[in-house]
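User: Got a minute to go through this one with me? Let's begin with the aromatics.

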Amino acid sequence: MTDSDKKYLAIMPKLNSQRVDLLLEEVIGCRWTISVLGAVAKGVRRPGAIERHIDGISTKVLADRLRHFTRAGIFERVQFPEIPPRVEYRLTDFGRKFLRLLKEVDKLQTELNGEGRKRPPVKHR
């Protein structure tokens, strides 16, 4: 992490990850959240690769989400001492636990989709 990153993170408000309900509300507040979390969970770790993986996301929004998730303790930012610089994002232990919430959302959607198909046809009089 560069000095500039440290200064930036120092002035940003810290998220209270002790309150999962508030953290969920704070993190899920963007339409790209689930896409970014899903991409990193699948092993897409570099910002450029994530941007290519998610159709329609802008560089600015992606950078904001990555900073946000790092600040919340969901992602770990790993910077490699290479030229050109290389950065990767990985799920933290907490991030893997947090991702279980999104898996439950997927299960609920699958369940709801299944219920929609099981309904008997409506009989007209």
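Analyst: Sure. This is a predicted model. Ring pairs join Phe-69, Phe-75 and Tyr-89 into a cluster.

User: How many aromatic pairs are there in the whole structure?

Analyst: Three. One of them is Phe-69 with Phe-75, an edge-to-face pair. Their centres are 5.0 Å apart, with 75 degrees between the planes.

User: And how do the rings of Phe-75 and Tyr-89 sit?

Analyst: Their planes are at 50 degrees, so the pair is tilted. The centres lie 6.4 Å apart. Phe-75 is in strand β1 and Tyr-89 in strand β2, so this pair ties together parts 14 residues apart in sequence.

User: Is Phe-69 buried or exposed?

Analyst: Buried, at 0% relative accessible area. Phe-75 is buried too, at 2%. Tyr-89 is also buried.

User: Switching to the largest nonpolar core. Which residues touch the most other members?

Analyst: Among them are Val-36, Leu-66 and Phe-75. The core has 21 residues.

User: Which element gives the largest share?

Analyst: α3, with four residues. α5, β2 and α6 are among the elements that each supply at least two.

User: What does Leu-66 touch further off in sequence?

Analyst: Val-36, Pro-47, Ile-50, Phe-75 and Tyr-89, leaving out residues up to four places away.

User: Where does Arg-86 put its charged end?

Analyst: Over the ring of Phe-80, 3.7 Å from the ring centre.

User: Last thing, confidence. Where does pLDDT stay under 50?

Analyst: Over residues 121–125, which have zero contacts beyond four places in sequence. Coordinates should not be read in detail where pLDDT is low. The chain's mean pLDDT is 79, with 68% of residues at 70 or more.

Key
Residues numbered from 1 in each chain as written. Predicted model: local features only at pLDDT ≥ 70, side-chain atom pairs only at ≥ 80, totals over all residues. Heavy atoms only, no water. Core = buried A, V, L, I, M, F, W, Y, C linked by side-chain atoms within 4.5 Å. Buried < 20%, exposed > 50% of the residue type's maximum accessible area, 1.4 Å probe, protein only. Contact = heavy atoms within 4.5 Å. pLDDT = per-residue confidence, 0-100. Phe/Tyr/Trp six-rings, centres within 6.5 Å; stacked < 30°, edge-to-face > 60°. Lys NZ or Arg CZ within 6 Å of the ring centre and 35° of its normal.
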